[in-house]
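Thank you all for making the time this morning. Please bring up the sequence and the structure on your own screens, and I will walk through a handful of places in turn.

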Amino acid sequence: MDDVLDEWNIAILEHSKHKVSSYIVSSYLYFMKVVVRREIASSIEQVKARLDIILDEKDRYGFAIASQPSDPSHSEFQPTFSVELDEVCGRDLERENLVRKLVGEELGLQVVSIVGVGGLGKTTLAKLAYNDSRVKNCFELRIWICVSNSFDEIGIANAIIEGARGRKAYPNQLELVLDRLKEVVSRRKFLIILDDVWTKDGTMWEPVKICLRIGGAGSKVLVTTRNERVASIMGGFENEIHRLGHLSREECWLLLGRIALCGNDEKEREKFEKIGKEIANKCKGLPLAVKILGSLLRFKNTVEEWESVLNSEIWELEEAEVELFPYLLLSYNELSPALKRCFSYCGVFPKDTRIDVEKLITEWMALGYLGSKAGDWEVRGREYFDILAARCLFQNFDKGYSVQDLDKDYSCEHIKSFKMHDMLHDFARFLRKNVGSRIKRTTCRECGPVLVSQVRVYHSLFHRKHPLLDADPHFCDGFTSLRLLSLRDCCLRGIPKQVEKLIHLRSLDLGCNKFLDERDLKGICKLYNLRFLWLDGCRLKEIPSEIRDLIHMIHLDLSNNEFVELPDSLCDMLELESLNVYNCTSLVRLPQGMHRLVNLKHLCNFGTHLEQYPQGLAELTRLVTLQQFCVQDGSKLGWLKKLNRLRGQVKLLIVASIGDSKEAIAAVEDARDAELGKKTRIQDLGINFCGSRIDGEEVNESVWVDILDALEPHPNTQKLSMCYYDGSLLPRWIVSPLNQVVSIRLYSCCSLLCLPPLGKLPLLENLEISSFLKLEFVGRDFLGITTTTTTTTTTRSGFFPKLKKLIIWHCPKWKEWEDITVEEDEDFGGVSIMPCLRKLEILGCSGLPELPVRLLKKAASLKVMNIGGSMQLLQLYGDENGQPWKSISSHNPHLHLLKDVTHYLPD
């Protein structure tokens, strides 16, 4: 049905573009209009006939329309992802045995294998051993490689080289790769994990194994496999094969209860114990089955619901393709139709692929799995992913801080990428197997039936091309159903003509291809249904005005290109939510019609050198990403006033030339109009005064202090950087104890004579001070100590309570760093000073004669001190056996002295 609607919408657009007065042409267009209507009417009849057949079969077999699970956006549970290695049960003895085998001293290379059926926990056991402290201390190199179905000796050798921090050899020459492998492992004691090996061809492994034999004594290779014959072929002797056993019934229940009844009290656990043990017995000792069933039962709060799982007909399935599939089906059947599609789609990726979550959500949207409407699709996609992850259908999470969801805490840690267990990958492929069985055979000689079948099942194609090996991509009639096409980094010199015919495309990735003719882009501007388009890194010098025809575009990535301007017609893409012009260094202006992009949320413009911003930017109240904003040539900070959804990183470039008092007042008022204090989601704020100057004698330099004072951000800001500030003081808001700032960087503030009391900041972890050319004295007030004639004021939390790294670089006139007094050293017995400081760097400060010894004795966690380029400090403390250095290090025997300035260069 979607295809029919696509054809209808395209016909309407084409007709509206070709309205002409000529009678002959008009007659021709009228005839074509009748033909198109007839073809579309025929397609609708075919769809209707198929729906009638489905309805008849429903009645014939007595199928009922089941109630659907609740909308995940209104679900009450909070997803949790802690069920990883901390949810291991019953493997203590196996872990000890495996660790002893690995750390045991052998003369030559030893291959140890873990053998067991799918879902038994082979990879988990290997991880436990790999991360054991005894194993970490035993090997110079530890390298983990996911092998899976295809055993590629060149790929494995290069993965070992890369893991050893070596440079990979050319991927198509085995001898060169093996020579390089010998170099990086020679005489080095290593542990290499080859996870999920399937190959039974020993000749593929033997060349790599021969190279590894020249490693250091005691080197090991640990193999996980389902097949004992594979373990033998890889070189494992009988006593080196670790056959992983099943969990006992009691261990299965212990693990199931830990997951399903997490957070419940003992009384509640007793209520479910009997039925829970019966369900645990169904798992047949397989940890993955226990994990999946436990995640399913976590959302069932009554004994009756648990009984429905126990009595499910799925347990009676005859000869399931894989032993684990009944357990997976129980969890899968609980999902809504949309979630089922989202999960089964993940089978399109090769096994052991690390999948980027944001890119996956984009693909779900392009395929229509998140609904047809734009708007909150990112939030909806993240909710879908969280539900699937909470049910343990994904694993191996890589977490990081994201601000994707506006309704959640801006600093919430989200999952950035993940992998699928190979059994779950098989299951996802199995779910779409029946779809593939209905695929008609293709007559195309260039496209095999497997490829065409995959395109029709997943509506997706990811083409990868090596510059010397593969031919240009070919698209036959079997690809007409494509919704998602990636030709990224295929060494294309032009866009294949067949792409223009893929009218159902929603997502097209052409990034990292060096197009020679921008006219190629006009062809893809006919793909009216496109929602996502990547053209990054294509060296484009011009964007055609026909881009306006992509009226459904949501995401447009034009980053790393060479065009000078964008066509104003781009502003006709009224559904556009994300425009990426990152690192387009030639771009000097944005279209004047930007105010028409009322749905724009993300403007990624870091690395551009825009000379002018359109005033219409002030009307884009949905904007949440504006990486950089430059105040010059008429642009004003006040345009940010209504943009209170801004989040993440914002860098302000203030290029002001102030000639008289009126301009000074106007500049301060403009800064105040920005109302940064109302922008609660900005995490990383940069303020750069590069190029700002005072041209009139009547203007006092305090104007810079007033401007910076007016730019006070919300206390939620976590990172603050300031460059080329020419004021003599910093405003009070910087040292407010209400600030949540974690990192501060102050660079080239050449008029500052002293440092503010930054020690008052309760959460500050990283502080960098660079190129303060007039700084001569750093007093105790820098710590936050307030001294009067009779008393010294301290704080309960201490001074710099969270500071981990302090860097002071290139302050040539710095003469003194005031130490705490003897009295303060005694009086501060219960008050900490820099208790978390691990790294101190005083670099290129040639005028500083000594360090504050009593203060540094308080920094009990200090591990590294670097005084490179600070000549007087090097003369005093450079001898690690001398008394001056011992006066500092005697209280901290783990302190390490560095004298190197070359490793650190400021941005």
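Let me begin with a question: which residues in α10 are buried? Before I answer, please keep in mind that what we are looking at is a predicted model. The buried residues in α10 are Cys252, Trp253, Leu255, Leu256, Gly257, Ile259 and Ala260, and the partners against which the buried residues of this helix pack are α11 (266-281), α12 (287-297) and α13 (303-310). As for its geometry, α10 covers residues 249-260, which is 12 residues, and its first and last C-alpha atoms are 16 Å apart, close to the 16 Å expected at 1.5 Å a residue.

From there I would like to move to strand β4, residues 220-225, where 6 of the 6 residues are buried, so the strand is largely enclosed by the rest of the structure. In a regular strand, side chains alternate between the two faces of the sheet. In β4 we can follow this residue by residue, since Lys220, Leu222 and Thr224 point one way while Val221, Val223 and Thr225 point the other way, and all of them are buried.

Which strands, then, pair with β4 in the parallel sense? One is β1, residues 110-115, which pairs with β4 over 6 bridges, and there Val111 has Val221 as its bridge partner. The other pairing I want to show is with β3, which runs parallel to β4 and is joined to it by 4 bridges, with Leu194 standing opposite Val223. Between those two strands we also have helix α8, residues 202-212, and together β3, α8 and β4 make a right-handed β-α-β unit.

Staying in that part of the chain, please look at Lys189, which is placed in the loop between α7 (174-185) and β3 (190-197). Is Lys189 buried or exposed? With a relative accessible area of 15%, Lys189 is buried, because the cut-off for that class is under 20%. If we set aside residues up to four places away in sequence, Lys189 touches Glu105, Cys138, Phe139, Glu140, Leu141, Gly216, Ala217, Gly218 and Ser219.

Let me turn now to the charged pairs. Side chains of opposite charge can pair when their charged atoms come close, and a search of the whole structure finds 31 salt bridges, from which I have picked a few. The pair I would spend the most time on is Lys641 with Glu675, whose side chains meet at 4.0 Å, N to O. Lys641 lies in the loop between β17 (628-631) and β18 (647-654), whereas Glu675 lies in the loop between α22 (661-673) and β20 (681-688), so this salt bridge ties together parts that are 34 residues apart in sequence. Both partners are partly exposed, Lys641 at 38% relative accessible area and Glu675 at 23%.

For Glu841 and Lys839, the closest N and O atoms are 3.7 Å apart; here Glu841 is buried, with a relative accessible area of 2%, while Lys839 counts as partly exposed at 28%. Lys497 and Glu500 also form a salt bridge, at 3.8 Å between the closest N and O atoms, and in that pair Lys497 is exposed at 59% and Glu500 is partly exposed at 25%. Elsewhere, Arg95, Glu96, Asp132 and Arg134 are linked in a network of salt bridges.

I have two last positions to show. Arg681, in strand β20, is partly exposed at 25% relative accessibility, and its C-alpha atom is 6.7 Å from that of Gly648, although the two residues are 33 residues apart along the chain.

The other position is Ser771, found in the loop between β24 (766-770) and β25 (777-778) and buried, with a relative accessible area of 7%. What is Ser771 in contact with, once we leave aside its neighbours within four places in sequence? The list is Tyr747, Ser748, Cys749, Cys750, Trp809, His810 and Cys811. Ser771 and Tyr724, for their part, are 47 residues apart in sequence and 9.6 Å apart in space, C-alpha to C-alpha.

That brings me to the end of my walk-through, and I am glad to go back to any of these places.

Notes:
Residues numbered from 1 in each chain as written. Predicted model: local features only at pLDDT ≥ 70, side-chain atom pairs only at ≥ 80, totals over all residues. Heavy atoms only, no water. Buried < 20%, exposed > 50% of the residue type's maximum accessible area, 1.4 Å probe, protein only. Expected span 1.5 Å × (residues − 1). Contact = heavy atoms within 4.5 Å. Pairing = 2+ DSSP bridges. Right-handed = clockwise from strand over helix to strand, strands pointing away.
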